[in-house]
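I'm opening a fresh notebook page for this one. Let me put the structure up and jot down what I look up.

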Amino acid sequence: MADYKKEIERRRTFAIISHPDAGKTTLTEKLLLYGGAIQQAGMVKGKRHMRHAVSDWMDIEKQRGISVTSSVMQFEYNNYCINILDTPGHADFSEDTYRTLMAADSAVMVIDAAKGVEKQTRKLFKVCTLRHIPIFTFINKMDRDARSPYDLTDQIEQELGIKTYAMNWPIGSGREFKGVYDRAAKKILTFTAEETANGKHQIEESASDLSDPKLSDLLGEDLLSTLKDDVELLDGAGADFSLEDVRRGKLSPVFFGSALTNFGVEPFLQEFLRMTTTPLPRKADIGEIDPMDSHFSAFVFKIQANMNKAHRDRVAFLRICSGEFDRGMEVVHMQGGRKMKLMAPQQLMAEQREIIDHAYAGDIIGVFDPGVFSIGDTLCASDKKFCFGGIPTFAPEHFARVSPKDTMKRKQFVKGMTQIAQEGAIQIFQELNGSMEEVVVGAVGQLQFEVLEYRLENEYKVDIRMENLPHEYIRWIENEGLDPKSLDLTSDTRCIQDLKGNHLLIFVSEWNITWALQHNHGLQLSEFGGAKL
């Protein structure tokens with residue numbers, strides 16, 4: 001009993017979020033570097049002779065220099081067992097990010113020092129605040145020209161509505177970036193970047209306090225004078241630090257650094273691990289589930305097909321919420337109403353896997369999915385059955401008609417479309433009384449169509465025809481027994497059905513929705529009713 005509780009207490013599970021190009025995946029790589037999980041950090045947009053980021057494992061990610069799917073990585077550091085969830089920053093893949101945040105106990109928000117808070121940052125921040133999870137801020141790219149640190153922290157407070165506390169303070173920026181002042185230790189951390197290293201390896205940092213006579217030569221009189229004034233102002237007029245507020249999601253500790261050059265990454269990691277929480281309780285239909293509860297429980301937050309090109313299998317990602325998992329143990333799949341043994345649980349490092357014998361609350365593990373799991377499903381011990389709250393899904397805003405170019409490849413087409421849809425990246429619909437040989441695909445973002453086409457061609461060997469449709473809105477028909485053909489609709493409104501046989505309408509504009517409701521008395525439409533995973 002004591003051993004498994006100690007194992008749970010040393011778990012830390014967090015997601016890294018940001019607007020595209022703020023440096024999120026680069027920071028992830030550097031945390032892996034300092035954690036000893038990799039020996040050399042990769043680049044998101046790497047040169048030919050450099051390795052790609054570990055967390056960007058799909059070929060399309062390496063080619064485009066973007067993250068299109070969440071990655072999971074686990075490593076050990078200073079007796080902590082750390083589970084990192086690296087998420088896509090691009091808005092077109094935000095649904096995957098939202099679901100992944102459900103599996104995290106805290107979040108690291110990466111902000112570009114030159115651009116500040118951006119559109120996608122605001123969206124992701126709102127999801128974090130809904131769950132009241134701790135949010136830590138890493139203001140990145142201080143080695144480039146940056147906005148005033150006062151402006152950056154003020155913008156976070158004004159636009160995101162959360163108090164901030166600067167854990168360190170930058171000394172210059174761009175070519176003049178000399179390091180940071182650690183407020184708690186009252187030390188200055190300086191470094192000399194390796195011009196040719198490109199941040200691939202760990203760096204040496206040196207520390208000194210404000211009274212060190214060598215600082216004038218090291219920083220220059222202007223930067224040293226500015227730093228002393230900044231420190232005096234921060235200590236005198238800045239907000240007080242409260243670890244309780246941090247853990248309640250009311251105060252965000254702010255760190256300045258440069259993930260590209262590695263500067264500030266390890267001090268950030270050390271402070272983050274000190275402040276962030278052990279695994280948090282999760283809400284279920286019988287109340288909150290304590291992670292220390294001896295009964296095993298977990299939920300599926302992600303499904304990924306074809307991670308291993310050699311096996312073409314499907315992996316369900318589980319967030320363990322309570323107790324201890326033992327390889328081969330029998331669990332109950334609540335939504336399927338069946339008992340099953342999970343024989344080959346895997347620890348993950350992006351697409352790399354290792355079979356493990358034990359895992360604990362807070363861990364993310366992968367298990368083979370024979371096609372029975374859906375996102376949001378609960379797995380638990382047979383002597384304590386319950387279901388965790390569902391994971392929200394989003395109504396698609398882009399639609400396209402899709403069919404295989406070669407009708408002889410219908411089987412591969414149906415398999416590929418179905419599996420990718422089960423991952424949650426797209427939603428599939430059919431014409432009324434139609435077949436799977438031609439489907440209507442709905443996606444949250446336009447870029448998901450490009451990923452769909454790429455994956456069908458490369459993973460399932462199917463070339464497709466894709467015709468974009470003008471529709472932007474979707475509504476499920478809630479009226480039971482209603483014949484959709486009897487509805488009075490505008491000529492550009494289409495009636496289709498989902499794979500469960502539920503009828504729905506897609507509209508070109510909101511005006512068409514209003515028209516349909518006004519001309520069909522008693523018609524009940526829902527934006528999410530049929531979209532539950």
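Below are my entries, one topic at a time.

**Before anything else.** I'm reminding myself that this is a predicted model.

**Entry 1: the eight-stranded sheet.** I looked up an open sheet of eight strands, and its order reads β27-β24-β26-β25-β29-β30-β28-β31, with antiparallel pairing. Which strands stand at the edges? They are β27 (464-469) and β31 (525-526); each has a single partner strand, so one side of each is left without a neighbour in the sheet. I also checked what packs on this sheet: helix α12 (residues 447-459) does, and it touches β24 (398-404), β26 (439-443) and β27. The direction of α12 makes about 170° with that of β27.

**Entry 2: inside the sheet.** Next I went through some of the pairings. Strand β25 (residues 427-431) pairs with β29 (residues 494-498) over three bridges, in the antiparallel sense. There I found E431 opposite I496 of β29. β29 is in turn joined to β30 by four bridges, again antiparallel, and here I496 stands opposite L504 in β30. From the other side, β28 (residues 473-477) pairs with β30 over four bridges, antiparallel as well, and W476 is the residue opposite L504. The hairpin of β29 and β30 has four residues between the strands, and G501 takes a positive phi there, near 90°. Is β30 enclosed or open? Four of the five residues of β30 (503-507) are buried, so I note this strand as largely enclosed by the rest of the structure.

**Entry 3: the nonpolar cores.** The largest nonpolar core has 74 residues, and I139 and F301 touch the most other members. Strand β15 (residues 314-322) gives the largest share of this core, six residues. I then listed what F301 contacts, leaving aside its neighbours within four places in sequence: among them are V72, L85, F317, L318, I364, I375 and I391, and also R99 and R319. There is a second, separate core of 28 residues, including F75, I84, F255 and V265.

**Entry 4: helix α5.** Which residues of α5 (119-131) are buried? I get Q120, T121, L124, F125, V127 and C128. Seen down the axis of α5, the buried residues fall within an arc of 155°, so they line one face of the helix. K119, K126 and L130 are exposed on the other side. Right after the helix comes H132, with a positive phi near 55°.

**Entry 5: D112.** I found D112 in strand β4 (residues 106-112). Its relative accessible area is 5%, under the 20% cut-off, so D112 counts as buried. What does its side chain reach? A polar atom of the D112 side chain lies 2.8 Å from the backbone nitrogen of A114, and the side chain also makes a polar contact with that of K141, at 3.4 Å. Not counting residues up to four places away in sequence, D112 touches D21, A22, E118, N140, K141 and L152.

**Entry 6: R183.** My last lookup sits in a loop: R183 lies between β8 (179-182) and β9 (187-190). R183 is buried too, with a relative accessible area of 10%. Its side chain reaches the backbone oxygen of L234 at 3.4 Å. Beyond four places in sequence, R183 touches Y165, A166, M167, N168, L234 and D235.

Conventions
Residues numbered from 1 in each chain as written. Predicted model: local features only at pLDDT ≥ 70, side-chain atom pairs only at ≥ 80, totals over all residues. Heavy atoms only, no water. Pairing = 2+ DSSP bridges. Helix = DSSP H or I, 4+ residues; strand = E, 2+ residues; numbered from the N terminus. Contact = heavy atoms within 4.5 Å. Axes fitted to C-alpha atoms, helices over the stretch in contact; angles between N-to-C directions. Core = buried A, V, L, I, M, F, W, Y, C linked by side-chain atoms within 4.5 Å. Buried < 20%, exposed > 50% of the residue type's maximum accessible area, 1.4 Å probe, protein only. Polar contact = N/O pair within 3.5 Å; in protein donor to acceptor, adjacent residues only side chain to side chain. Arc of directions from axis to C-beta.
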